[in-house]
Amino acid sequence: MVLAVNAGNLSGAPDMTTAAEVCREFEHRRGRPPAVLVRAPGRVNLIGEHVDYCGLPVLPVAIDRAVWAAAAPAVRPCVDTMLRGAGSEWERYAEAGFRAAREWLRPAGEPTSAAGADVLFHSDLPVAAGLSSSSALAVAATLVALEVGGGSVPAPDDAVARLRLASVVAEAERGSAGTRGGAMDQTASLMGVAGHALHIRFVPHASVQPVPLPENWRLVVAWSGKSARKGGSARRVFNERVAQADEIARYFGAGPAANALGSVLPVSGAKLPGVLKKRFAHINGEARRTHEAVAALRARDPGRFGELLNQSHASLRDLYEVSTPRLDELVNRALGAGASGARLTGAGLGGCIVAVCEAGAVRRVMQSLEDAEPFVARPAAGAEARSPAREG
Ligand code: NG1
């Protein structure tokens with residue numbers, strides 16, 4: 001049974017006592033301590049936007065804000081009871097996680113009739129802000145269900161298993177939420193490495209290469225004030241973009257975009273009809289920019305890296321048409337205050353921007369965004385199950 005989903009807000013620094021508080025809150029509500037504690041980070045995507053569902057590489061960072069889940073085996077209910085209880089928007093993502101865990105356990109022949117769990121979710125990650133709180137919630141629910149359901153969470157260094165799990169969670173999330181995204185968010189949440197950005201490739205098979213973020217670079221995140229929740233019209237626009245990418249792939253005789261568009265690039269989109277030409281120009285350009293951004297990051301060149309971020313934003317605004325005037329304004333303010341680069345992050349149509357700047361400029365950049373609840377996001381390790389006893 002899902003006890004509660006506590007939505008975080010944007011203000012304030014991440015609370016270092018979150019783990020202990022979540023455990024205490026669980027005990028307060030349930031009269032017994034949790035047996036399991038899980039942390040699943042959100043992500044900021046640095047570049048490679050609206051291309052994961054085309055099978056093209058992306059460069060997100062798992063951040064130091066997360067969805068937490070404390071849980072203990074329930075006395076009576078089973079996993080199916082948890083599923084029946086799921087109804088609200090956020091519970092749908094928990095449901096996706098429970099379903100992913102079942103999928104994960106089934107092929108291994110492990111029992112799926114485990115006793116179910118009481119779960120308390122808490123988020124210190126801003127919700128519906130384009131920082132992937134939904135996937136973090138789905139990942140947290142997956143790990144909780146694995147721990148309580150008699151399976152085990154793949155170790156952080158078991159990349160093969162974690163990548164496979166990310167794709168199972170992504171599939172379950174698509175089923176529950178009705179959106180057709182790629183697997184960037186779930187992969188970032190499961191594969192994060194402290195201090196590193198994640199160069200994720202999906203084709204021919206999923207892989208992640210951590211790239212160190214220079215110590216004097218800062219990632220400032222600011223909220224446009226508009227929810228990026230993928231319900232209603234945002235979901236329609238998102239799915240329309242995925243359908244257009246599919247159409248482009250078909251045009252090149254490549255089958256669904258998720259499997260093959262990456263393998264036909266670069267080609268000329270000159271003959272594509274109507275709006276597809278613009279969409280393709282973004283996808284093609286973003287693939288090139290992401291490639292170059294990884295090189296600029298390795299070269300520790302904030303000027304070049306920032307330039308590529310700015311180009312990505314312009315492309316998302318003009319060619320992919322997923323920015324908003326407020327996102328554009330925040331990007332311009334950050335640049336005016338000395339950021340090396342800035343862009344909308346995530347699906348767009350609301351949500352957040354990310355600005356990259358050197359440490360010396362961070363105060364000015366934060367000030368320029370002060371009405372947008374800015375915070376500095378730090379690259380964090382991927383999702384984990386911890387012993388609640390340790391949190392005391
Ligand atoms: P957000 O920003 O979390 O809604 C969505 C997709 C990603 C990716 C980005 C755009 C989901 C769960 N997430 O992210 O896979 O396509 O948009 O780059 O669908």
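User: Which residues does T324 touch, not counting those up to four places away in sequence?
Analyst: Happy to start there, keeping in mind that this is a predicted model. T324 lies in the loop between α10 (302–318) and α11 (325–336). Leaving out residues up to four places away in sequence, its contacts are L349 and G350.

User: Is T324 buried or exposed?
Analyst: The cut-off for buried is under 20% relative accessible area. T324 has a relative accessibility of 12%, so the residue counts as buried.

User: What is the strand order of the open sheet of four strands?
Analyst: The pairing in this sheet is antiparallel. Strands of a sheet pair through backbone hydrogen bonds. Read across the open sheet, the order is β8-β9-β7-β10.

User: Why is one side of β8 and of β10 left without a neighbour in the sheet?
Analyst: The order of the open sheet is β8-β9-β7-β10. Because β8 (341–345) and β10 (375–377) each have a single partner strand, one side of each has no neighbour in the sheet; both stand at the edges.

User: How many degrees does the twist average from one strand to the next?
Analyst: This concerns the open sheet with the order β8-β9-β7-β10. From one strand to the next, its twist averages 35 degrees.

User: Over how many bridges do β7 and β9 pair, and which residue in β9 does V221 stand opposite?
Analyst: Strand β7 covers residues 217–223 and strand β9 covers residues 352–358. They pair in the antiparallel sense over seven bridges. Opposite V221 in this pairing stands V354.

User: Which helix packs on the sheet, and what angle does its direction make with that of β8?
Analyst: The helix touches β7, β8 and β9. It is α10, and its direction makes an angle with that of β8 of about 40 degrees.

User: At what angle do the axes of α4 and α5 cross, and what is the handedness?
Analyst: Helix α4 spans residues 133–148 and helix α5 spans residues 159–177. Their axes come within 10 Å and cross at roughly 115 degrees. The crossing of α4 past α5 is right-handed.

User: Which residues make that contact, and how many are nonpolar, polar and charged?
Analyst: On α4 the contact is made by S134, S135, A138, V139, T142, L143 and L146, and on α5 by L165, V169 and E173. By class, the contact has six nonpolar, three polar and one charged residues.

User: What percentage of the chain's residues count as buried?
Analyst: The chain contains 13 helices and 11 strands. Its accessible surface comes to about 15100 Å², of which 52% belongs to carbon and sulfur atoms. Of its 392 residues, the buried share is 57%.

Terms used:
Residues numbered from 1 in each chain as written. Predicted model: local features only at pLDDT ≥ 70, side-chain atom pairs only at ≥ 80, totals over all residues. Heavy atoms only, no water. Helix = DSSP H or I, 4+ residues; strand = E, 2+ residues; numbered from the N terminus. Buried < 20%, exposed > 50% of the residue type's maximum accessible area, 1.4 Å probe, protein only. Areas by Shrake-Rupley, 256 points an atom, 1.4 Å probe, with all protein chains shown as cover. Contact = heavy atoms within 4.5 Å. Pairing = 2+ DSSP bridges. Axes fitted to C-alpha atoms, helices over the stretch in contact; angles between N-to-C directions. Left-handed = near helix turned anticlockwise from the far one by under 90°. Nonpolar A, V, L, I, M, F, W, Y, C, P; charged D, E, K, R; others polar.
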